[in-house]
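Here is a walk through one protein model, from its overall make-up down to a few odd spots in the backbone. Keep the viewer open while you read.

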Amino acid sequence: MAEVINMPRLSDTMEEGTVAKWLKNVGDKIEEGDILAEIETDKATMEFESFHEGTLLHIGIAEGDGAPVDTLLAIIGDEGEDISSLLNGNQGTSNNKVETVEETITSEKTEDSSEKTESNISSEIPEGVEIIKMPRLSDTMEEGTVATWLKKVGDEVEEGDILAEIETDKATMEFESFYSGQLLYVGIKEGESAPVDEVLAIIGPAGTNVEAVLQSKPSSKTETSAAAETDKITPQEATKEENKEEKPLNTGQRVFVSPLARKIASERGIDLMAVKGSGDHGRIVKRDVENFVPSKEVIAPAAVAETKSTPESQVTVPQILPTGEEHFEEVKNSQMRKVIAKRLSESKFTAPHYYLMIEVDMDNAMASRVKINSLPDTKVSFNDMVVKACAMALKKHPQVNTSWNGDTTRYNQHIHVGVAVAVDDGLVVPVLKFTDQMSLTQIGTSVKDLAGRARIKKLTPAEMEGSTFTVSNLGMFGILEFTSIINQPNSAILSVGAIVEKPVVKSGQIVVGNTMKISLACDHRTVDGATGAQFLETLRAYLENPVTMLA
């Protein structure tokens with residue numbers, strides 16, 4: 001029997017994945033454990049292996065294409081097996097978050113086929129009313145629990161607003177609305193659970209008869225197709241569309257447009273009122289938007305006449321300005337970039353940041369590093385020394401090694417230091433587990449290995465989770481000082497600048513010295529100013545006297 005393989009959730013924050021490369025083709029024999037494809041998540045590119053044996057019968061996502069978690073990825077079965085029913089079934093259920101074709105809440109179970117036919121004959125759902133059902137937010141989710149409603153009955157809802165927080169079998173996730181209107185009905189109360197596809201809410205115009213909606217059914221299971229949408233156009237509306245062909249299009253009337261054409265127009269900033277549709281009954285389709293060219297403005301005759309009548313003495317020579325054609329390119333954001341934007345925005349706008357800066361004398365550190373690196377098979381960087389010093393300072397200042405959890409503060413008894421690494425698509429933070437127990441050489445070797453694999457997207461999610469403190473170093477790029485955004489759920493992040501040779505005062509004399517500026521960004525909910533300052537003093541003592549880190 002054929003097995004449907006869906007886009008897997010390969011990390012805790014993964015919402016969609018991109019097939020970087022298929023390692024098997026349709027028709028290939030698959031053994032359990034074979035690598036089917038390389039899938040790019042928001043954090044890394046990972047190999048995805050098969051848990052089934054058979055023949056690869058179908059590929060649902062082409063190389064380079066992205067798709068949400070749980071979207072059909074492939075089908076494996078017996079050679080020559082008919083999979084048409086699986087493909088049709090998947091097309092009908094691929095969008096788990098919002099059902100555009102609504103089914104009735106209660107349907108009587110009958111064995112007589114004629115009774116089933118009669119049960120489908122009922123009134124249609126009113127235009128503009130949408131029934132939202134319990135979404136499938138994970139590949140194993142069978143039911144969900146409404147943890148919190150963020151909107152109440154009667155509230156106005158905009159497309160993209162968060163309706164509720166839904167607890168699945170794996171996590172509590174935010175569920176957003178794909179429709180605008182008024183929240184008319186809540187089908188599942190806070191704390192209650194319901195199976196996937198149970199009615200969650202109804203959104204529509206104010207004053208809608210909710211009871212009638214709950215008892216309504218769509219007249220056909222294909223109402224949301226483009227053909228059905230066209231069929232909804234009344235003869236009067238079709239006549240209006242035909243009559244408008246020779247008239248200005250920006251009349252403010254309803255525009256008939258396919259969903260894909262509307263999306264493309266939105267991305268390109270095209271006013272649909274100015275586009276002439278070539279589809280049935282004047283419906284705007286994809287090719288109309290792609291071929292749309294804005295009309296050039298024509299100088300009004302009155303303005304031309306006025307210009308001609310202007311006395312020659314009053315005519316001014318027009319200023320010659322640079323001309324050209326504007327160009328731009330829109331590049332689709334990678335999953336990594338979208339997650340970075342989301343996580344850093346959450347951190348910056350929820351955690352009250354403040355910053356502390358100090359300057360460290362690095363003369364002794366430079367001399368110590370030369371001696372350490374003179375040993376056989378030993379290579380230690382200044383960043384390794386900073387990481388080690390941070391781990392030791394965290395042991396003396398456990399308040400900095402905390403996480404804010406709302407009603408509680410988590411004091412981490414272990415020390416896991418994350419090291420920010422720049423990659424092509426953004427930034428990742430590999431984590432050194434139990435950093436305080438590592439030597440300088442172990443830190444150096446681990447950082448080099450993790451950073452190298454991060455740049456080729458070969459880190460596992462486990463190697464990027466669990467940090468209790470983070471270090472970000474831009475000194476190698478010549479940056480003298482900077483501040484960073486806290487890597488949640490950490491309470492602090494250290495920003496390290498370049499070592500600079502400059503005049504300094506020592507024992508009342510001006511001499512040439514080497515200094516480095518470091519800044520500490522703290523979450524004021526867990527780390528007070530005095531605590532952060534004491535941490536930096538301890539950190540400076542370790543860096544200015546590296547021998548103390550070996551004691």
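## A small cavity and what surrounds it

Let's start inside. Helix α12, which covers residues 440-455, is the top contributor to the lining of the second largest cavity, giving 3 residues. This is a predicted model, so keep that in mind throughout. The structure has 2 cavities of 30 Å³ or more, and the second largest holds about 30 Å³ of space. Its lining is made up of V419, V421, P430, L432, V447, L450 and A451. What classes of residue make up the lining of the second largest cavity? It has 7 nonpolar residues, with no polar and no charged ones.

## The big picture

Stepping back, the protein has 13 helices and 26 strands. Buried residues account for 40% of its 551 residues. If you look at contacts in the protein with a separation of 6 or more, 61% are between residues 24 or more positions apart.

## Cores

The largest nonpolar core takes in 72 residues. Those with the most contacts inside this core are L73, F469, L494, I518, F535, L536 and L539. Helix α11 (residues 382-396) gives the most to this core, with 9 residues. A second core, separate from the largest, has 19 residues, among them I132, I166, L183 and A194.

L494 is a handy residue to click on. Setting aside neighbours within four places in sequence, L494 is in contact with V386, C390, F469, T470, V471, S472, I518, S519, L520, L536 and L539.

## Two open sheets

Now for the strands. One open sheet has 4 strands in the order β1-β8-β6-β3, with antiparallel pairing. Its edges are β1 (3-6) and β3 (29-30); each has a single partner strand, so one side of each is left without a neighbour in the sheet.

Is strand β8 largely enclosed or left open? 6 of the 6 residues of β8 are buried, so this strand is largely enclosed by the rest of the structure. Strand β8 spans residues 72-77 and pairs with β6 (residues 54-59) over 4 bridges, in the antiparallel sense. Within that pairing, T55 stands opposite G77 in β8. β1 is also joined to β8 by 4 antiparallel bridges, and here V4 sits opposite I75 in β8.

Another open sheet of 4 strands runs in the order β9-β16-β14-β11, and its pairing is antiparallel too. At its edges are β9 (130-133) and β11 (156-157), each with a single partner strand, so one side of each has no neighbour in the sheet. β11 pairs with β14 (residues 181-186) over 2 bridges, and E156 stands opposite Q182 in β14.

Strand β10 (residues 143-149) is worth tracing as well. It runs antiparallel to β15 (residues 193-195), joined by 3 bridges, and antiparallel to β12 (residues 162-167), joined by 4 bridges.

Here are the pairings side by side, each with one facing pair of residues to look up.

| Strand pair | Bridges | Sense | Facing residues |
|---|---|---|---|
| β6 and β8 | 4 bridges | antiparallel | T55 and G77 |
| β1 and β8 | 4 bridges | antiparallel | V4 and I75 |
| β11 and β14 | 2 bridges | antiparallel | E156 and Q182 |
| β10 and β15 | 3 bridges | antiparallel | E143 and P195 |
| β10 and β12 | 4 bridges | antiparallel | T148 and E165 |

## Odd spots in the backbone

Most residues other than glycine have a negative phi, and most peptide bonds are trans. With that as background, a few places are worth a look.

Where does P489 lie? You'll find P489 in the loop between β24 (469-473) and β25 (492-506). The peptide bond leading from Q488 to P489 is cis, with omega near 10°.

D377 isn't a glycine, but its phi is positive, at about 55°. This residue belongs to the loop between α10 (363-373) and α11. Is D377 buried or exposed? D377 has 87% relative accessibility, and the cut-off for exposed is over 50%, so D377 counts as exposed.

K457 is another residue other than glycine with a positive phi, near 60°. Look for K457 in the loop between α12 and β24. Helix α12 is the one we met at the start, lining the second largest cavity.

Conventions. Residues are numbered from 1 along each chain as its sequence is written. This is a predicted model: local features need pLDDT of at least 70, side-chain atom pairs count only at pLDDT 80 or more; totals for chains, interfaces and linings use all residues. Side-chain values use heavy atoms; hydrogens and water are left out. On a 1 Å grid over the protein atoms alone, a cavity is a set of points where a 1.4 Å probe fits but cannot get out, and a pocket is an open set with protein on both sides within 12 Å along at least five of seven lines; lining residues have an atom within 4 Å of a point. Grid points are joined across faces, edges and corners, and a volume is the space filled by probe spheres set on the points. Ala, Val, Leu, Ile, Met, Phe, Trp, Tyr, Cys and Pro count as nonpolar, Asp, Glu, Lys and Arg as charged, and the others, Gly among them, as polar. A nonpolar core is a set of buried Ala, Val, Leu, Ile, Met, Phe, Trp, Tyr and Cys residues joined through side-chain atoms within 4.5 Å. Buried means under 20% relative accessible area, exposed over 50%, partly exposed in between (1.4 Å probe, protein chains only). Contact means heavy atoms within 4.5 Å. Two strands pair if DSSP finds at least two bridges between them.
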